[in-house]
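Me: Take a close look at one single part of this model for me. Then place that part in its surroundings.

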2 protein chains.
Amino acid sequence: MPSTDLTFASRDAHHAWLASQAALPAGFRIGTTRFEFIPFEVHKPAKMTVTLIALDKPTTAFAAMFTKNAFPGAPVIIGRKRLNEPTIGAVFVNNKISNVCAPGGVETSERLCAAVAKELGLTAEQVLPSSTGVIGWKLPVEQMLPAIPLAKAALQSTSILPGAEGIVTTDLYPKIRRASVGNGSIVGIAKGAGMIEPNLATMLVYLLTDLDVPRDALRAALAAAIPDSFNSMSIDSDTSTSDTVALLSSQRVPCPDLAAFQQALNQVCRDLAEDIARNGEGVHHVMRVQVSGAPSADFARGVGKSVVNSPLFQCAVCGNDPNVGRLVCAIGKHVGAIAPGTDLSRAKLTLGGQVIYQDGAFRLSPAVEEQLIAHLTGAELYASTPPPDGLTFAPPITYPPHERCVEIGIDLGLGSATATVIGTDRSHEYISENADYRS
Amino acid sequence: MPSTDLTFASRDAHHAWLASQAALPAGFRIGTTRFEFIPFEVHKPAKMTVTLIALDKPTTAFAAMFTKNAFPGAPVIIGRKRLNEPTIGAVFVNNKISNVCAPGGVETSERLCAAVAKELGLTAEQVLPSSTGVIGWKLPVEQMLPAIPLAKAALQSTSILPGAEGIVTTDLYPKIRRASVGNGSIVGIAKGAGMIEPNLATMLVYLLTDLDVPRDALRAALAAAIPDSFNSMSIDSDTSTSDTVALLSSQRVPCPDLAAFQQALNQVCRDLAEDIARNGEGVHHVMRVQVSGAPSADFARGVGKSVVNSPLFQCAVCGNDPNVGRLVCAIGKHVGAIAPGTDLSRAKLTLGGQVIYQDGAFRLSPAVEEQLIAHLTGAELYASTPPPDGLTFAPPITYPPHERCVEIGIDLGLGSATATVIGTDRSHEYISENADYRS
C-alpha cells in the first residue's frame, strides 16, 4: 500500500476520476432506484436506495465472506447458505435498514429474493441479499417490492458508478477501485464505515470480474486477499453485524495467470480498504502502521490494531499532536495482555520516518517535536471549523483531497513477521455524526 | 454497586462531603507542595504537585498491584521490587510527568526515593514512588528535590483531602471513599482517567487503613478486590503504563473480622472505580452493564467491556439515543471473536429495566423508544454547551451532580456466571480534552 497517490481539488475532479474507473466488466448489469418510507419504529420519513447487480447468466464462480459478529444480520444468515448453491444470478442490496435481529427478518429477506428472482427469471436461491443501515428495525417490504421492477428497468452495462452511489449510507463519496489482468478486469465498490443518521458501521464490498476463475480458486483468492486488506483496517473497532465482501465472476474472459489475478485482487481490496478508512466518519487523518519484527503476522496485526484503536492516540493524531507516549501505551497494552513478560527493550519506533524510541528510551527534543508536527499536519485531510449551531460538526469536504497517511513504524525486535494496518483518528465530526439522534 | 446514591448541587456541597469522608486512619500523615518548571522536551512552563504519604512507623503490611502494560513506567518497575522489601515507610507521588520510557528514568526515581528517605529517616527501599502524567518526558529532578522538604513540612495527620487533590491531573474533582470495620477504617483516594493538558490516562489509587491485617492476607484481599472494581471499569480502553493501586496498613487497630475487611475493601474499591468513571474525561453518562447467564466470569466481563468500549454505543449514549442495535453489535462482536458459533438466541437484553431484545428479536416500538430516551436523559450528568471558540468543549460542572447510571442488563442465556462492568459515553468534551496540543 498504497497503489495510488492521488490528489483531488474538488468533488467534481474526484467524480471524474471515479467515472474513469467505473467501466463494468463484461457480463454484468447494474441498476438502482430510490424511494421514501416511514419506518415502523419511529414516526419520521426516511429514504432508501435499492441496488440490483445482475449477471447476464448465472455463474458458478462466486465467493463471499461475512462478519464474524455473533448477531449476524438476516442477509448474512441467508448469504452463508447461498455459498452452497450451484449458481448465483443477482445481488440485491438495500441501504437505510440492515435487517439485523428484526422480527421475521430472514423471511422478509427471502421474500425480497423471490421477488427479484421472478423479475429476472431466476430462483430465489440464485439471489444474494445484502442490507445495511439501522440495526433492529424491520425492512419496509411493502415499499421495497414495487421498487424491484424499477431497479430492473434501470439496469445498464456500462458503469458501476450508480451501484457505488446506491449502496452508501453516510459515506461522503462513492468508492471504486479496479485492476486489469490480461484482457479482463476486477472492479470493486465499497460502502464504508458509515451510519444512517447515524447508524451502525456496516461494510459492504462487491468485487466484479469477467475473468474466468473457477469457484474454488476464486474463494481461495478472496480468502487470501482479506487478511491484509479489510481485516487489517479499523475505524472504530466496532465489528458490524452485516459486513460482507462478495466476489462474482461472469466467466467471460480466460484468466491467463492465477497469481496475477491474486495480486490484482489483493491490490483492489487494499485500495478499497484504505478508501473506506479515508472516508470514515469524521476522519481527519488516515494512519498506516507498519509492524515488523513480530513473532507472527497475527501478533503484528494485533499490535497495529491496538495502535489505531487507541482513543487517546486517535485524538492526539486528530490534533496534530505528536503525543508518542500514547503510541507506546497502545503497543504495551496489547503486548502486555497477550504475551505478559515480553521484553520490548529492542523495539524501535518511527513516526513519519523519524526515530522516536530506540534502546529502551524515547528520543525526543523540541526539534524532533517540530518535525513530527509537520508530518502530522501534512497528512491532515481537513481541519475542523466551528459549526453554525455550536455543537454539530460536519466535514467541510466531500472528496478525498489526497492519499497521504500518518506513517508509523513499529519494529518489535522479537521476530521476523510483519503486518500493515490502516486506521483513522477520532474527531468532533465522528462524535457529531454518532451522538445525534437517528432521525 | 453502588453503595451510595449521592446528589450534589454545587462544587461546594461536593467538597463538604469529601471533607466529611477525609479523616486519615491512625498512623498516617500526608503533605503536598506545588511548583512551576520548564519541561526539557518543550519550551512552555508547567506545574507539578508532589504528594508525600508517611507512616508513623514503617509497616510490614503493604500491598500493591500494577499495570500489565508491557512498557511499564519507572516507578512501576521500582514498585514491583519494593513488594519484596520487609517494610515500607512512605509513598512519594508526583503528577504532570509519568516517567515512562524516559532516558535514565529508573535512576531518577531511585534518586528521589533516596532524598525522601533521608528527610524521613528511612532507606530508599522503604519509599514507594509513583508518577503520573506525560509519557516520555523526563522528571525535573533538580526542581523536585527542593520540594521534598516542603512536602515534609506540610505533613499533617487529620485529612487525606490534600492528597486526594495533590495527585490529580485533569480530574475535575478529587475522589475519596471510606469504610469502617470495627474500630478501624479504610480510606482510599484515586486519581482518575485523566490527562495533563492532555496526556495519558494513568490511574493511581492509594488505600490507607489502620486495621492490622498481615501482609499476606492484605495482599490477598487487594488481589480479590481488583477484578470486580478497577478491572471491571473502562473509560477509553487505554491501559495505562502507570496504573497503580497500593494498600498500606499502619497496623494500629486489631482487625476483628477478615471477611468484613474484605467486604469493606471491595466496597471502597468499587466506589472509587465508579468515581473514576464518573469523573472520566468528557463523561456525560456512566454506564453500568450487568452481565448474567455467562459461561464464566471472564466471559461476562469481556462482554461488558466490549459494550462500554464500543465507540458507536458510547456516542449513542452520549446523545441520549437508544440505538440498541449498537448494543447488540458490541455483544456479538466479542462473542463472535472469542467463541465462534455461539448460539445467542436465548439472550435477553434490558435498558433501564425495559426488555429490548428477547427470543431472537428486538422488542421495539415508538413507545419503547420514548421510555429508553427518558432513562438515558435521566442518567445524564450534563449536556454540551457551544464553546466560546466554537471548537474547544469543556464540562460545565466540576462536581458529580448525581450517581445515576445508564443501566444495561445482558442475560446471555449460556450459563450462570455474572459480572458488572462500569463504563462511560464518548463526547465532544473528550475529543477537545485529548486532541488539543499538550502545552
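Reply: Helix H10 (311–318) and helix H13 (428–435) of chain B are among what covers the buried residues of H13(A). Helices (H or I, at least four residues) and strands (E, at least two) are DSSP runs, numbered from the N terminus. The model is predicted: local features need pLDDT of at least 70, side-chain atom pairs count only at pLDDT 80 or more, and totals for chains, interfaces and linings use all residues. Residues are numbered from 1 along each chain as its sequence is written, while chains are lettered from A and ligands numbered from 1 in the order in which they are written.

H13 of chain A spans residues 428–435, and 8 of its 8 residues are buried (20 or more other C-beta atoms within 10 Å of their own, C-beta atoms being placed from the backbone). The run goes from His428(A), Glu429(A), Tyr430(A) and Ile431(A) to Ser432(A), Glu433(A), Asn434(A) and Ala435(A).

Now the domains. An automatic or database assignment splits chain A into domain 1 (11–278) and domain 2 (286–435). Their C-alpha centres are 31 Å apart.

Next, the interface. In chain A, 67 residues are in contact with 67 residues of chain B (C-beta atoms, placed from the backbone, within 7 Å). H13 of chain A is one of the elements giving two or more residues to this side; the others are helix H10 (311–318), helix H11 (324–338), strand S13 (361–362) and helix H12 (366–378) of chain A. H11(A) gives the largest share, 12 residues. The chain A side holds 35 nonpolar, 21 polar and 11 charged residues. Asp, Glu, Lys and Arg count as charged; Ala, Val, Leu, Ile, Met, Phe, Trp, Tyr, Cys and Pro as nonpolar; the others, Gly among them, as polar.

Then the symmetry. A turn of 180° with a shift of 0.0 Å along the axis lays chain A on chain B, at an RMSD of 0.0 Å (least squares on C-alpha atoms of residues with pLDDT of at least 70 in both). The two copies are thus related as by a two-fold rotation axis. Both use the same surface: 100% of the contact residues of chain A recur in chain B.

Last, a sheet in the partner chain. In chain B, 6 strands form an open, mixed sheet, ordered S13-S12-S11-S14-S10-S15. Strands S13 (361–362) and S15 (417–424) of chain B are at the edges with a single partner strand each, so one side of each lacks a neighbour in the sheet. S10 (residues 286–294) and S14 (residues 406–411) of chain B pair in the parallel sense over 6 bridges (pairing takes at least two DSSP bridges). There, Ser292(B) is opposite Asp411(B) in S14(B).

Notes. A residue is buried if 20 or more other C-beta atoms lie within 10 Å of its own, exposed if 12 or fewer, and partly exposed in between; C-beta atoms are placed from the backbone. Two residues are in contact if their C-beta atoms, placed from the backbone, lie within 7 Å.
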